Amino acid sequence: MASKRCIVTGGCGFIGSALVRRLCREGRDVLVVDKLTYAGVKESLKEVDGLYDLLVADICDQSRMDRAFAEFRPDTVFHLAAESHVDRSIDGPGEFVRTNVVGTATLLQSALAWWRKNPAFVFQHISTDEVYGSLGAEGFFTEATPYSPHSPYSASKAASDHLVRAWHDTYGLPVRITNCSNNYGPYHFPEKLIPLVILNCLDGKPLPVYGKGANVRDWLYVEDHVSALCLVNEKGADGETYNVGGHNERTNLEVVQAICATLDELRPRAAGPYSDLITYVADRPGHDLRYAIDPSKLMDTLGWRPAESFDTGIRKTVRWYLDNDWWWRPIREQRYAGGRLGAKV
Ligand code: NAD
Ligand code: TYD
């Protein structure tokens, strides 16, 4: 059964806000718990203003989390609050350990106390395929792939996944875990590859490609991730893990070229094709070569299907950034202008 009362941690972030927009449209009662870090953007929820409550709080704050559960009385917590950017985790791993590891343990404790009084409650943990480490040219991550994280970000997410399983196995807390591939789409903070490249194109700035641009990511449109999260919430089994991905592998160079080609068509540049702006820069330290998801479990047991291919999703995304500078311009001007992160170790 679909949960009626949902807490969404990190609901002002990229994926969390897409989930909140959907839950609100479906008429659920939503409490967003968000610290509003540099990545938390309240304006991402403008479309559903008045349809959700916001608690500006840190998930590491045990008493505030206890109170949030007791007062809101959730059926589910969708836990998305995290530090999410690999390059920032290279520059400053401490905050990643604090929020992703300590914060998850704190939230689990509050959830456990709440579940003991409300046995229908479910803790749903949102995680990444990066916990599995890096693939060579062949093969896919399955739910049975051993964990082998390399960056401080992926190591902190791996730790959080282990904590969630430990609370299930030790205390019996009902949990579900999803490990999803790289997301993209509207309201994506412009530190990540796809929005950074779109906005640098529009500003006529260099498009920084790490190394030779040969690293491969498996891209999923954010609303397809959200549909998977809702399905797992409604129909997923207790204690189970589901990998989420839509078989859209691309090298980074292919991604950048696809954005350039789309913009050449939609917003041609007088100075020549956007691909003239491609600039190869020093590689990311410890750069994982390839991620690719085998989503068979989610597709076969729950019937999930993504609605977008990479080609349709990237077009929608480029269009959205062209039409919504009200959202990204203040972020580029006041929060993050697009400078290189995570290059020095
Ligand atoms: P994001 O960085 O856009 O948003 C994170 C949100 O969490 C922000 O609103 C921020 O203010 C909030 N937050 C950070 N620290 C907090 C704290 N201590 N207390 C309360 N709120 C806090 O991240 P995203 O890309 O939307 O990712 C959401 C989740 O999905 C993360 O757990 C991430 O690991 C996971 N994930 C992301 C991707 C991806 O491609 N972006 C893929 C798979 C999984
Ligand atoms: P990113 O969007 O940071 O996601 P993740 O590191 O979680 O996969 O990066 C996606 C890929 O793009 C990754 O292989 C690093 C690369 N990249 C660039 O080549 N240039 C950039 O400016 C950025 C931010 C990333």
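Visitor: Which element gives the most to the shell around ligand 2?

Guide: Strand S8 does, with 3 residues. Bear in mind that this is a predicted model.

Visitor: Which residues come nearest to ligand 2?

Guide: Glu130, Pro208, Arg217, Arg284 and His287, out of 17 residues around the ligand. By class, the shell divides into 7 nonpolar, 4 polar and 6 charged residues.

Visitor: What makes the pairing of Asn182 with ligand 2 a polar contact?

Guide: The cut-off is 3.5 Å between N or O atoms. A side-chain N or O atom of Asn182 is 2.9 Å from an oxygen atom of ligand 2, so the pair qualifies. Asn252 passes on the same grounds, because its polar side-chain atom lies 2.9 Å from a ligand 2 oxygen. Pro208 uses its backbone: an N or O atom there lies 2.8 Å from a nitrogen atom of ligand 2.

Visitor: How much of the accessible area of ligand 2 does the protein cover?

Guide: 96% of the 510 Å² that ligand 2 has on its own. Elements giving two or more residues to this shell are helix H3 (86–91), helix H6 (193–203) and strand S8 (207–210).

Visitor: Turn to ligand 1. Which residues are the closest?

Guide: Ile15, Asp34, Ser84, Tyr153 and Lys157, among 28 that surround ligand 1. The shell holds 13 nonpolar, 11 polar and 4 charged residues.

Visitor: Why does Leu36 count as making a polar contact with ligand 1?

Guide: A backbone N or O atom of Leu36 lies 3.5 Å from a ligand 1 oxygen. The definition asks for within 3.5 Å, so Leu36 is counted. Backbone atoms of two other residues also face oxygen atoms of ligand 1: Phe14 at 3.0 Å and Ile15 at 2.8 Å. The protein buries 97% of the 840 Å² that ligand 1 exposes when taken alone.

Visitor: Which residues line the largest cavity?

Guide: Val86, Ile90, Glu130, Ser151, Arg217, Arg284, Pro285, Gly286, His287, Asp288 and Tyr291. About 50 Å³ of space lies inside. The lining divides into 4 nonpolar, 3 polar and 4 charged residues.

Visitor: Why is Thr76 called buried?

Guide: Buried means under 20% relative accessible area. Thr76 has 0%, so the label applies. Thr76 sits in strand S4 (residues 76–79).

Visitor: How do you know that Thr76 and Asn233 are in polar contact?

Guide: Their side chains are joined at 3.1 Å. The limit is 3.5 Å, so this pair meets the distance test.

Definitions and conventions
Residues are numbered from 1 along each chain as its sequence is written. Chains are lettered from A and ligands numbered from 1 in the order in which they are written. This is a predicted model: local features need pLDDT of at least 70, side-chain atom pairs count only at pLDDT 80 or more; totals for chains, interfaces and linings use all residues. Side-chain values use heavy atoms; hydrogens and water are left out. A residue is near a molecule or strand if one of its heavy atoms lies within 4 Å of it. A polar contact is a pair of N or O atoms within 3.5 Å; within protein, one must be able to donate a hydrogen and the other to accept it, and residues adjacent in sequence count only if both atoms are side-chain atoms. Accessible areas come from the Shrake-Rupley method with a 1.4 Å probe; for residues, only the protein chains shown count as cover. Helices (H or I, at least four residues) and strands (E, at least two) are DSSP runs, numbered from the N terminus. Ala, Val, Leu, Ile, Met, Phe, Trp, Tyr, Cys and Pro count as nonpolar, Asp, Glu, Lys and Arg as charged, and the others, Gly among them, as polar. On a 1 Å grid over the protein atoms alone, a cavity is a set of points where a 1.4 Å probe fits but cannot get out, and a pocket is an open set with protein on both sides within 12 Å along at least five of seven lines; lining residues have an atom within 4 Å of a point. Grid points are joined across faces, edges and corners, and a volume is the space filled by probe spheres set on the points. Buried means under 20% relative accessible area, exposed over 50%, partly exposed in between (1.4 Å probe, protein chains only).
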